[in-house]
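Hello,

Here is the structure I promised to pass on. Please have a look, then read my notes below.

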Amino acid sequence: AYPKLLLPGFVDAHCHLPQYGATGRQAPDLLSWLDEHIYPAEAAFADPLLARTASERFFHALAANGTTTACVFTAPFAEATAIAFQAAEASGLRVTMGLNLMDGGAPVALCSPTEGA
């Protein structure tokens with residue numbers, strides 16, 4: 001018989017779904033890291049098939065590591081966010097989630113005007 005430990009589910013108060021695939025990637029500084037790894041990872045979520053596959057993987061990984069509740073930032077695309085909500089609901093996890101809003105300092109394809117957001 002192995003010793004057992006019962007713990008409550010973990011809570012991740014700040015995570016970015018599109019950045020999950022870029023875990024462990026490095027660059028010399030923050031701006032290089034964003035340009036080389038994070039912005040391309042965010043932009044890839046414009047593809048609904050990638051958004052679905054990545055979202056399912058992300059929520060599976062949360063649950064597999066004991067996280068039962070999370071505050072999640074999605075990619076700045078409405079369709080990718082809707083897909084992420086479907087994956088979150090199917091996962092059974094407790095999630096507060098919303099579209100990531102960037103209005104400057106990022107590639108134009110990832111920026112949204114703040115008016116109306």
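**Around Phe73**

Setting aside neighbours within four places in sequence, Phe73 touches His14, Cys15, His16, Leu17, Pro18, Gly98 and Asn100. Please keep in mind that this is a predicted model. Phe73 belongs to strand β2, which covers residues 67-73. Is Phe73 buried or exposed? Neither: its relative accessible area is 27%, so it counts as partly exposed. Buried would need under 20%, and exposed over 50%. One spacing to note is the one to Ala43. Phe73 and Ala43 are 30 residues apart in sequence, and their C-alpha atoms are 14 Å apart in space.

**The sheet**

β2 is part of an open sheet of 3 strands. The order is β1-β2-β3, and the pairing is parallel. Which strands are at the edges? They are β1 and β3 (94-98), each of which pairs on one side only. On average, neighbouring strands are turned by 10 degrees against each other, with direction ignored. Between β2 and β3, the parallel pairing runs over 5 bridges. Val72 stands opposite Met97 in β3. Helix α2 packs on this sheet and touches β1, β2 and β3. The direction of α2 makes about 140 degrees with that of β2.

**Two helices that cross**

α2 (residues 48-64) also meets helix α3 (residues 78-91). In general, two packed helices are described by the angle between their axes and the distance between the axes. Here the axes come within 9 Å and cross at roughly 35 degrees. The crossing of α2 and α3 is right-handed. Which residues meet?

- From α2: Pro48, Ala51, Arg52, Ser55, Glu56 and Phe59.
- From α3: Glu79, Ala80, Ile83, Ala84, Gln86, Ala87, Ala88 and Ser91.

By class, this contact has 8 nonpolar, 3 polar and 3 charged residues.

Thr81 is also found in α3. Its relative accessible area is 8%, so Thr81 is buried. Neighbours within four places in sequence aside, Thr81 is in contact with Thr74, Ala75, Gly98 and Leu99. Gly98 is a contact of Phe73 too.

**The aromatic rings**

How many aromatic pairs does the structure hold? There are 2. A pair of aromatic rings is described by the distance of the centres and the angle of the planes.

Tyr20 and Phe58 form an edge-to-face pair, with 5.9 Å from centre to centre and 75 degrees between the planes. This pair links distant parts of the chain, 38 residues apart. Tyr20 sits in the loop between β1 (10-16) and α1 (30-43), while Phe58 is in helix α2. The two partners differ in accessibility: Tyr20 is partly exposed at 33%, whereas Phe58 is buried at 5%.

Phe58 also pairs with Phe59. Why is the pair of Phe58 and Phe59 edge-to-face? Their ring centres are 5.0 Å apart and their planes are at 80 degrees, so the pair earns that name. The cut-off for edge-to-face is over 60 degrees. Both Phe58 and Phe59 are buried. Together, Tyr20, Phe58 and Phe59 form one aromatic cluster. Phe59 is also among the α2 residues that meet α3.

Best wishes

Conventions:
Residues numbered from 1 in each chain as written. Predicted model: local features only at pLDDT ≥ 70, side-chain atom pairs only at ≥ 80, totals over all residues. Heavy atoms only, no water. Axes fitted to C-alpha atoms, helices over the stretch in contact; angles between N-to-C directions. Helix = DSSP H or I, 4+ residues; strand = E, 2+ residues; numbered from the N terminus. Left-handed = near helix turned anticlockwise from the far one by under 90°. Contact = heavy atoms within 4.5 Å. Nonpolar A, V, L, I, M, F, W, Y, C, P; charged D, E, K, R; others polar. Buried < 20%, exposed > 50% of the residue type's maximum accessible area, 1.4 Å probe, protein only. Phe/Tyr/Trp six-rings, centres within 6.5 Å; stacked < 30°, edge-to-face > 60°. Pairing = 2+ DSSP bridges.
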